[in-house]
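Subject: Structure handover

Hi there,

Here is the structure I promised to pass on to you. Have it open while you read, and my notes will follow below.

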Amino acid sequence: MPFKSRFDLTDGFDGDPSNGNEDTMLYWKTFSQAADAAGYSRQLGGIHMLQGNVLGLEMGTQVGHLTLAYLRQLFGEDNLGQEPVADVLNDIIFGTGRDDALLVAPCVQGSPVEVYGLYGDDILEFNDSGECGRVSLFGGDGADTFRVGARAIIQDYETLENIVLLQETGSISTSIADSVTTVLVDGVAVVDVDGVWDESQLNIAFDNNLFR
């Protein structure tokens, strides 16, 4: 997802037009990463405070789900976009913008759930084997840890982040379909990771303390 950033100043961004840095291309894998970066840049520039960024990201996500639900109703298209959450106040979990020790995704029947770590080094967890809707985990900016004991999708995994499987140790393999990498343990799918990833690029560990 490229965004071209231009600084149209007479002498370039830093007063040296010869180095070409007034014409910069920025890349993000997801819109959520782009939104995080946009807010953080304003914090660094002294325009916004952290809490303003966090609240803005929360409201933007909620408005997006409400808008999609309204458009589905307006056009009678149930397949328009990915399914929005049923309750924007309870089915979307947000971090504080700092290091969050644990953000737990709830199990909601009949509705997807999203968890956003936002900024900081966060721990996101889903470990409910009930009849739950689709669970999406967004770590955001920072080195995050995803603790997964039930099927979920990690939307913005970055190399060297941690995936901890809350189960007994087994043999790991992967399969790829529609640009999503599925991690299997002993042939059973346990977690999905958005994007095409080689097994060696995924930092996967087991936490089987629950079984001792």
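Is Cys107 buried, partly exposed or exposed? Cys107 has a relative accessibility of 28%, so it counts as partly exposed. Please keep in mind that this is a predicted model.

**The disulfide**

Cys107 is a good place to begin, since a disulfide joins it to Cys132, with an S to S distance of 1.9 Å. The count for the structure comes to 1 disulfide. Such a link is a covalent bond between the sulfur atoms of two cysteines. The link of Cys107 and Cys132 is left-handed, with -105° about the S-S bond. It connects distant parts of the chain, as the two cysteines are 25 residues apart. Cys107 sits in the loop between strand S4 (103-104) and strand S5 (113-116), while Cys132 sits in the loop between strand S6 (123-126) and strand S7 (135-138). Cys132, at 24% relative accessibility, also counts as partly exposed, because anything from 20% to 50% falls in that class.

**The sheet and a helix across it**

Next comes the sheet. It is open and has 7 strands, in the order S3-S5-S7-S9-S13-S12-S11, with mixed pairing. At the edges stand S3 and strand S11 (172-177); each has a single partner strand, so one side of each is left without a neighbour in the sheet. S3 pairs with S5 in the parallel sense, over 3 bridges. Within this part of the sheet, Ile93 stands opposite Val115 in S5. Helix H2 (residues 50-75) lies across S3 and S5, and runs at about 170° to S3.

**Aromatic pairs**

You may enjoy the rings, too. The structure holds 4 aromatic pairs, and here are two of them.

One of the pairs is Tyr40 with Tyr119, which is tilted: the centres are 5.6 Å apart and the planes make an angle of 40°. This pair links distant parts of the chain, with Tyr40 in helix H1 (residues 31-44), Tyr119 in the loop between S5 and S6, and their positions 79 residues apart. Tyr40 is partly exposed at 35% relative accessibility, whereas Tyr119 is buried, with a relative accessible area of 4%.

Another pair is Phe94 with Tyr116, where the ring centres lie 5.6 Å apart and the planes stand at 20°, so the pair is stacked. Why stacked? The cut-off for that label is planes under 30 degrees apart. Phe94 belongs to strand S3 (residues 92-94) and Tyr116 to strand S5, 22 residues apart. Both Phe94 and Tyr116 are buried. Ring pairs also bring in Phe138, linking Phe94, Tyr116 and Phe138 into a cluster.

**A buried glutamate**

Last, have a look at Glu161. Where does Glu161 lie? Glu161 is in the loop between strand S9 (153-154) and strand S10 (162-165). With a relative accessibility of 2%, Glu161 counts as buried, because the limit for that class is under 20%. What does the side chain of Glu161 reach? The side chain of Glu161 reaches the backbone nitrogen of Asp144, at 3.2 Å. Leaving aside residues up to four places away in sequence, Glu161 touches Gly140, Gly142, Ala143, Asp144, Phe146, Asp156 and Asn203.

Happy browsing, and write back with any questions.

Best wishes

Note on methods. Residues are numbered from 1 along each chain as its sequence is written. This is a predicted model: local features need pLDDT of at least 70, side-chain atom pairs count only at pLDDT 80 or more; totals for chains, interfaces and linings use all residues. Side-chain values use heavy atoms; hydrogens and water are left out. A disulfide is a pair of cysteine sulfur atoms within 2.5 Å. Helices (H or I, at least four residues) and strands (E, at least two) are DSSP runs, numbered from the N terminus. Buried means under 20% relative accessible area, exposed over 50%, partly exposed in between (1.4 Å probe, protein chains only). A polar contact is a pair of N or O atoms within 3.5 Å; within protein, one must be able to donate a hydrogen and the other to accept it, and residues adjacent in sequence count only if both atoms are side-chain atoms. Contact means heavy atoms within 4.5 Å. Rings of Phe, Tyr and Trp (its six-membered ring) pair if their centres lie within 6.5 Å; planes under 30 degrees apart count as stacked, over 60 as edge-to-face and the rest as tilted. Two strands pair if DSSP finds at least two bridges between them. Axes are lines fitted to C-alpha atoms, for helices over the stretch in contact, and angles run from 0 to 180 degrees between N-to-C directions.
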